[in-house]
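Reader: I'd like to learn how to read the packing in a model like this one. Can you walk me through it?

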Amino acid sequence: MLKILRNKKTAKKVWIGLAIIIIPAFALWGFGGSSRSREETAPVGKIFGRNISNIEFKDSLAAVKTVAIMRFGDKLNEVQKYLNLEAQAWERLILLAEANKRRITASDQEVIEDIENSPYFRLRGAFSNKLYNETLRYLLRIQPRIFEELTRQNIIIFKLYEQATDKVLLRDEEVRKEYAKANQEMSIYYVGSIISDFAAKIKPSDKEISDFFAKNKEMFKEPPAKDKPTRIPELTEIKDKVRQAFIRKAAQDLAGEKIKECQNKLATKDLFAVGRKLKLKTAATGLFRYGTFIENLGAAAIFWETAYNLKENQPSQIISTPAGFYIIKIKSLTPFNEARFAKEKADFSKKMLLEKKQEYFNKFLEGLKKKA
């Protein structure tokens, strides 16, 4: 039955929404048990100043478990090690508390319609009461009344999601650029002022190391350890570490100076000619897409973003990366497929908007967690 559940295509927005909003976790604790011992009613934490009892927390764990089963089916055991059970349960409680504060509710009719329209409980295009009861009894191990209240909470959380992300919109230029990132390839010319190239030539004296340490002691402060306060070690203890920091800083400064010198000379000379005269690295890349890895340069994102906004033969501003500093020009850019974009724009925009809303909602949730 787990496999059957996983293979049913989810058409109802609430279950899709909950899969997006809450990363499911997995431990079934008996949602809504009838007996309430002193231990179960004891507070285990607070949300917005209100005590959360042990049983409330267990109920939240059970609810998250149920969403996980309905989302992952027979894949549950494969993914459960990647999820944080307690964190997801607390997030659910926080979201429900915020929804309550906003007076968001779900009617009995909405609960009925959601369950009847769920693909998990439909056979041959119609709701099956038998399948519904068997799924709850043998797979989810939950009473119908409890499942219905869980469904009500899910609807409420999804309404909160819609309310919080209602003003998240997309501009046409955003869609076009993201589509280009996914589909257009480019290659670039570049001049690189590489920090490691300069570092290899720097041989600091003992005095330079000592002076650097005296001016930058805070860089070497050790974090507090058990039974040990924060301290700054003596130079003799960390001399090699200080030496490497000095070389890195000196090399970074030299690399920065060289790339600026290169930039200043570009008004009258070719990019490669200036780079070679200054003994900087000059090269061209093959075609690459946004989000890929460029040999000798690293992650393509910053280079793709920069090049995308350049005109033909226009040198870029200085690009700073952990490896060094670069100036680039576009070598080639594959044509933008207008016909394909027009055909795929609606679906692409829908997916992009969903991702943008999710990103916004994640920040919204983080803000709630800080307040809670």
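**Surface, cores and one helix**

Author: Start with the outside: the chain's accessible surface comes to about 22,100 Å², and 50% of that belongs to carbon and sulfur atoms (Shrake-Rupley method, 1.4 Å probe; for residues, only the protein chains shown count as cover). Keep in mind that this is a predicted model, where local features need pLDDT of at least 70, side-chain atom pairs count only at pLDDT 80 or more, and totals for chains, interfaces and linings use all residues. Residues are numbered from 1 along each chain as its sequence is written, and side-chain values use heavy atoms, leaving out hydrogens and water.

Reader: Which residues of the largest nonpolar core touch the most other members?

Author: In soluble globular proteins, nonpolar side chains tend to be buried together. Here, Leu 95, Phe 121, Leu 136, Leu 140, Ile 142 and Phe 147 have that role in a core of 41 residues. A nonpolar core is a set of buried Ala, Val, Leu, Ile, Met, Phe, Trp, Tyr and Cys residues joined through side-chain atoms within 4.5 Å; buried is under 20% relative accessible area, exposed over 50%, partly exposed in between (1.4 Å probe, protein chains only).

Reader: And which residues of helix H12 are buried?

Author: An α-helix has 3.6 residues a turn, so residues three or four places apart point the same way. In H12 (206–215; helices are DSSP runs of H or I, at least four residues, numbered from the N terminus), Ile 209, Phe 212 and Phe 213 are buried. They line one face of H12, because they fall within an arc of 100° seen down its axis (taken from the directions from the axis to the C-beta atoms). Lys 207, Ala 214 and Lys 215 are exposed on the face turned away. The buried residues of H12 pack against helix H13 (239–265).

How values were computed
Helices (H or I, at least four residues) and strands (E, at least two) are DSSP runs, numbered from the N terminus. Contact means heavy atoms within 4.5 Å.
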